[in-house]
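Work through the exercises below with the coordinates open. Each task is followed by its solution.

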Protein chains: 2
Amino acid sequence: MDLAFLGSLAQPGARKIVLCSLDGLGGAPHPATGKSELETARIPNLHALATRSACGLLRHVGPGITPGSGPGHLGLFGYDPLRYPVGRGVLEALGIDFELRPGDLAARGNFCTVDAEGRITDRRAGRLATEVSVRLVERLRGIHVDGAQLLVEPVKEHRFVLVLRGAGLQGPLSETDPQQLGVPPLAARALEPAAERAASVVNRFVEGARSVLAGSAPANMVLLRGFDQKPDLPLFPETFKLRAAAIAAYPMYRGLARLVGMEVLKTGTTFLDEVATLKEHWEHYDFFFLHYKDTDKAGEDGDFRAKVEALERFDALVPDLLACRPDVLVVSGDHATPAVLGAHGWQPVPVLVASPYCGADLVSRFTERDCASGALGLLPAHDLMAVAMANALRLAKYGA
Amino acid sequence: MDLAFLGSLAQPGARKIVLCSLDGLGGAPHPATGKSELETARIPNLHALATRSACGLLRHVGPGITPGSGPGHLGLFGYDPLRYPVGRGVLEALGIDFELRPGDLAARGNFCTVDAEGRITDRRAGRLATEVSVRLVERLRGIHVDGAQLLVEPVKEHRFVLVLRGAGLQGPLSETDPQQLGVPPLAARALEPAAERAASVVNRFVEGARSVLAGSAPANMVLLRGFDQKPDLPLFPETFKLRAAAIAAYPMYRGLARLVGMEVLKTGTTFLDEVATLKEHWEHYDFFFLHYKDTDKAGEDGDFRAKVEALERFDALVPDLLACRPDVLVVSGDHATPAVLGAHGWQPVPVLVASPYCGADLVSRFTERDCASGALGLLPAHDLMAVAMANALRLAKYGA
């Protein structure tokens, strides 16, 4: 559904919604047992919650489409990810609390390793230590290109953000990362005539980087991708008439929440910290987005057992979430990360919506298989907010 | 989803997809037993496959809409049939390996029987023997109309193809087949001013046919329908980056596959031949479309028992398909042909997608009722290719 339509029905109110995103929640059966991570884990609290919830499966982009974290979360927030694309550079910049100004062109940077012929041998420079990266970013800051302000910020390990600031610097630009080894980095190309100036600035920056990094192997070159400007999104708090707060230990997810206008609350580095932050701020907001990273991390590592344990750790904290007595508790994720894939997947993601009015179904276990026959059906992720708002009795009737 | 969008995510790869279309697969309960053809048939191999697959129901055009074979298969190939309409004449021409040129206007022809007053008494002239039809086509070739080249080709039994070639011959035209008995054939009408010339040529051809066929009862007249020009479709192999082959014993389905750019492999007249062809060419392609006709034939005849047996015959060959070890096996159909209807139906069609990453659901029987609660949900047919591609790990992630 259209955000403007939902906004036209949204009502102020006192009921509170908690949306928990278990990153990479969805899984797939382990070949040895035929059971998915959720089916293997001991998660009594989630099963109990599913029993009294309306359950279903979320699809974030479309059937068969594997969402990145950006599209996955925008979907959870109510934004159709195909209608509101956001570049990687923008997400990366927002994730380090970099205040992007209108017109800034941001890119995600990687330090990488090239051989004597300039061919890439490691796209991540051996996942460089963050402290080394911070020093190398200092060198990149010494690069000057006429007609543009170049802002470089370290992120984590081999990653950094490059922001081009100045009049007439705009995309779309092609990426310099060829996403393969044994070939040199690509030149950035203007994908429209208006992007010529930005392409030239980027390429001069890259040549500068090649000089200042010469001899600093393994990090002797850079790759840039996801050039984009901050999109002009409808704001989440205004649209849904919610005082909305985001609690996320990882920068990318804070950045996403900030992008749609949520307030980002200071928290610690663990989900336990996030729950403490939730309790602390409970009175001051009526929508909380909580992000749980461990499930995705284990899935990306292809570590089935670790993903099971991450689910069990989350489950153990469910009573703490319930202790806040949210009027509506939503548990789902931004995409699947099945351990058998070791990567994001296209598989639909279990979702539960618990409220006194949710209209529970026959589902009594929070698993992919069980949720497939839930009352929410197979739901586009960007329609989930409507269901959450309805359960908070914060959506007016449509028509008389 | 949009084909161009899918194409932008498609990746080359080594994993192979087999798509089996059981023509008219979907059925409906027999009034005496309350069980559909799939529920009645002994199909242990399909049930076993469903158990380890993601299952669902396909909808080819829209709720309540009965697809023809053209839209039904275009949907399976990833083309929204409402966006890419294809006329019957075009399909018929492609199905006999007739090389349609851009601008050619093709129609499907039937020999029919008319009485002394010119009223239709049999729309198929008693399903005329093909050899008789071939001789009568020779007579039709003797008809000449100024300003147009008329090409007539026999198909099978009472069917033939008429192609109008020449400048300014275009549709849309109304059909001359009234699809009922007791009335005379209709004149072709131009449905837009630009089609006037074509309408006039068609009507003069039909009058010529009436003359040259006089006295050759039961085939003493012709009916024409499905006037259309070859559509300009995005090509399947390019879009999905697949070396794609079609194996179909029946011409129409070969024609459909050729229309989207698949390579059509020479095969025999039975599905057993098709499976042999699959094995023979296994190494040279990474997508195979196999067409199984018997289910539709039995359904069209209103023969419930025959359709059950057709399903059982297919089931017996499933192990041969699996012996090729496809990375992704998809089984579905182009539309329902419930024997109780004796015709194509609008009912959604069971689908299963088997792969190591499919994310199986609770469905353990390949039936209409069971698949309704599968993980794929109720899926537009033209989104099926995205799911198949994803399971072959040949679709890139959308967004970062």
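**Exercise 1.** Find which residues ring pairs link into a cluster with F77(A).

Solution. Rings of Phe, Tyr and Trp (its six-membered ring) pair if their centres lie within 6.5 Å; planes under 30 degrees apart count as stacked, over 60 as edge-to-face and the rest as tilted. By ring pairs, F77(A) is joined in a cluster with F236(A), F240(A), F287(A) and F289(A).

The model is predicted: local features need pLDDT of at least 70, side-chain atom pairs count only at pLDDT 80 or more, and totals for chains, interfaces and linings use all residues. Residues are numbered from 1 along each chain as its sequence is written, chains are lettered from A and ligands numbered from 1 in the order written, and side-chain values use heavy atoms, leaving out hydrogens and water.

**Exercise 2.** Classify the ring pair of Y79(A) and Y84(A), and state whether Y79(A) is buried or exposed.

Solution. Over all chains, the search gives 24 aromatic pairs. For Y79(A) and Y84(A), the ring centres are 5.6 Å apart and the planes at 75 degrees, so this pair is edge-to-face. Buried means under 20% relative accessible area, exposed over 50%, partly exposed in between (1.4 Å probe, protein chains only). Y79(A) has 0% relative accessibility and therefore counts as buried; Y84(A), at 13%, is also buried.

**Exercise 3.** Count the salt bridges between chain A and chain B.

Solution. A salt bridge is a side-chain nitrogen of Lys or Arg within 4 Å of a carboxyl oxygen of Asp or Glu. Between chain A and chain B the count is 0.
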